[in-house]
Structure formats: structure tokens, C-alpha cells
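Okay, thanks everyone, let's get started. I'll put the structure up and then talk you through the ligand site.

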Amino acid sequence: MSSERLAGKVAIVTGAASGFGRGIATKFAQEGAKVIVADLSEDAGKQVASELGGVFIRTDVTQKADWEAALALAIKEYGQLDIVVNNAGASYSNKATENVTEKEFDMCMNVNVKSIYMSTQVVVPYLLKENRPGNFIQIASTAGIRPRGGLAWYSASKGAAITVTKALASEYGPKQIRFNAVSPVVGVTGMTNLFLGSTDISTFVATVPLGRPSTPADIANACCYLASDEAAFITGVNLEVDGGRCV
Ligand SMILES: NC(=O)c1ccc[n+]([C@@H]2O[C@H](COP(=O)([O-])OP(=O)(O)OC[C@H]3O[C@@H](n4cnc5c(N)ncnc54)[C@H](O)[C@@H]3O)[C@@H](O)[C@H]2O)c1
């Protein structure tokens, strides 16, 4: 038996050109999964895919046609799809909520919530038709359970991601499709400055009992566990990877 924890599995990881998504895609490939790197960012996405021996597809996670193309690519290249990691995310810069524009509100809801809707619209029917077990992981946020001011609608979008994950876990458990969320505390990625606003990261990190920001490896290790058969009886959880921030 292979010691690779994701051997034989095929995963779509969204937002895998950068930050946490890149870390997740890298870990999954190291653990034997075939990975579809799905991102808006073409140059960085292609680079990650070539490093991992995976394939890149330019994807806007808010668009159903892009999800259909990503599923078709997984089947063409690898014959199946087992895992979806909804990691791509968006936020406006930390600010007073009355100054958030409608465009910024829509961006948060579309990239952080509608993406989950689109992924399930496309991938769940495939899994049901093929009678395959499946596995969805949403990258939510500690902001979805312990919000601070300045990111109200981003926090709301992550709260929605966590709630829908639990609803879907309940609905599709009988079909052996698992849904879990992972909630990172602040990490050093392309989005960090948006979250912090005027707060220095050291001030924020002082509220984390384990005393440091999260890393892509922390998030990737949690996702690997949830995606693997080790977590075969785990569904509907929101796993806080936050050094104790939400205690
Ligand atoms: N960095 C943090 O502190 C932090 C904390 C908690 C949660 N998160 C969440 O982690 C996830 C990953 O973010 P990150 O911090 O690695 O940021 P990042 O900016 O490094 O990566 C985000 C990636 O998503 C891609 N993306 C954005 N919109 C897209 C779209 N519509 N379609 C496809 N791809 C798109 C970007 O091109 C980028 O490659 C997000 O969901 C974010 O909300 C981040």
C-alpha cells in the first residue's frame, strides 16, 4: 500500500497560484494527488502547475463555464475528480463599513460564496452520476467566527462559507460526499495587507496564543488531513488553524 496520503486522488485547488492555495496544491502533490491548479493568474498558475507536475487552467471561480471546463480537464487528464478545495478568495481593504462600495460587497460575496455555489452546481451532479464519494474543503477564515471591525462583509462572506459547508455536509452525507471548512488566522500572503489595515501584524499576532501568523504549510497540512481517508468520518467541521486565536 502506498504511504502517500492522497495517492489515487484528483483535486481541483482554486487560487493555487499564490499563498495558501499554492501551499495546498504543493502538499497534495507531495502526497500523491494529481492537481488541477485553477486560478485567474496565468503566469504564476502555470509556474506552480509545472513545478508540481500538475495542470493549470485559467479559472474565474464565479463562472459556471469555468468550473465545467476545470471538471472536464480533470476527467480528460486524470479520468476522475475526487477533491475540490475552494480556496480562492477576495477582500477589500480594512475600512469603516459605511465606506464599503457595492462593487466591493459583490466581489466578496461572489468570490467567497458564489464560487462554492458554482462548484457544487457543477461537481456534485458529476459525483452523483458516477456514484463517487467526494470531498469539498472551503478555506474560510477566523473572521467568519470571530470577526473584528473593518472587514464586516468579508467576515459575513466567510460566515456564509462555514454555514453552507455544514448544510451541505448534512444534505450530501448519505451520498458519501464530505464538506469541511478550514479557517486560518492571518498569514503572510497576497491578502495580508488588505486584512490588517493600519494594524501592524505584530499587534494582531499578539492576540494569537501560539504567537505567530499561520503559514501555507499549516493550512495545507489541515487540508491534507481532511481530504485524506484518515478523515473518512469527518464532515461538517470548521477546523480553526489559528494558534488558539478563537479560543
Ligand atoms: N492570508 C490570510 O491572512 C488569510 C486568513 C484567513 C483566510 N484567508 C483566505 O485564504 C484564501 C487564500 O488567500 P491567500 O491569503 O492565500 O491570498 P493570495 O492573494 O495569496 O491568493 C489568492 C489567490 O486567489 C486567486 N483568485 C482571486 N480571485 C479569483 C477568482 N475569481 N477566480 C480564481 N482565482 C482567484 C488569486 O489570483 C490568488 O492567486 C482566501 O479564501 C482568503 O480569504 C486568508
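I'll go through the ligand and its surroundings, then turn to the aromatic pairs. Keep in mind that this is a predicted model.

So, where does the ligand sit? It's in the largest pocket. The elements giving two or more residues to the shell around it are helix 1, residues 19-30, and helix 5, residues 152-172.

In total, 28 residues surround the ligand, and the closest are Ser18, Asp39, Asn87, Tyr154 and Thr189. Split that shell by class and you get 14 nonpolar residues, 11 polar ones and three charged ones.

Now the polar contacts. On the backbone side, a nitrogen atom of the ligand is 3.3 Å from a polar backbone atom of threonine 59. Valine 61 also has a backbone N or O atom 3.0 Å from a ligand nitrogen. For a side chain, look at lysine 158: one of its polar side-chain atoms lies 2.9 Å from an oxygen atom of the ligand. As for burial, the ligand taken alone exposes 830 Å², and the protein buries 91% of that.

Last bit, the aromatics. The count comes to four aromatic pairs. One of them is tyrosine 154 with phenylalanine 195, a tilted pair at 4.9 Å centre to centre, with 45 degrees between the planes. Tyrosine 154 is in helix 5 and phenylalanine 195 is in helix 6, residues 192-196, so this pair ties together parts that are 41 residues apart in sequence. And Tyr154, remember, is also among the closest residues to the ligand.

Conventions. Residues are numbered from 1 along each chain as its sequence is written. This is a predicted model: local features need pLDDT of at least 70, side-chain atom pairs count only at pLDDT 80 or more; totals for chains, interfaces and linings use all residues. Side-chain values use heavy atoms; hydrogens and water are left out. A residue is near a molecule or strand if one of its heavy atoms lies within 4 Å of it. A polar contact is a pair of N or O atoms within 3.5 Å; within protein, one must be able to donate a hydrogen and the other to accept it, and residues adjacent in sequence count only if both atoms are side-chain atoms. Accessible areas come from the Shrake-Rupley method with a 1.4 Å probe; for residues, only the protein chains shown count as cover. On a 1 Å grid over the protein atoms alone, a cavity is a set of points where a 1.4 Å probe fits but cannot get out, and a pocket is an open set with protein on both sides within 12 Å along at least five of seven lines; lining residues have an atom within 4 Å of a point. A molecule sits in a cavity or pocket if more than half of its atoms lie within 2 Å of its grid points. Helices (H or I, at least four residues) and strands (E, at least two) are DSSP runs, numbered from the N terminus. Ala, Val, Leu, Ile, Met, Phe, Trp, Tyr, Cys and Pro count as nonpolar, Asp, Glu, Lys and Arg as charged, and the others, Gly among them, as polar. Rings of Phe, Tyr and Trp (its six-membered ring) pair if their centres lie within 6.5 Å; planes under 30 degrees apart count as stacked, over 60 as edge-to-face and the rest as tilted.
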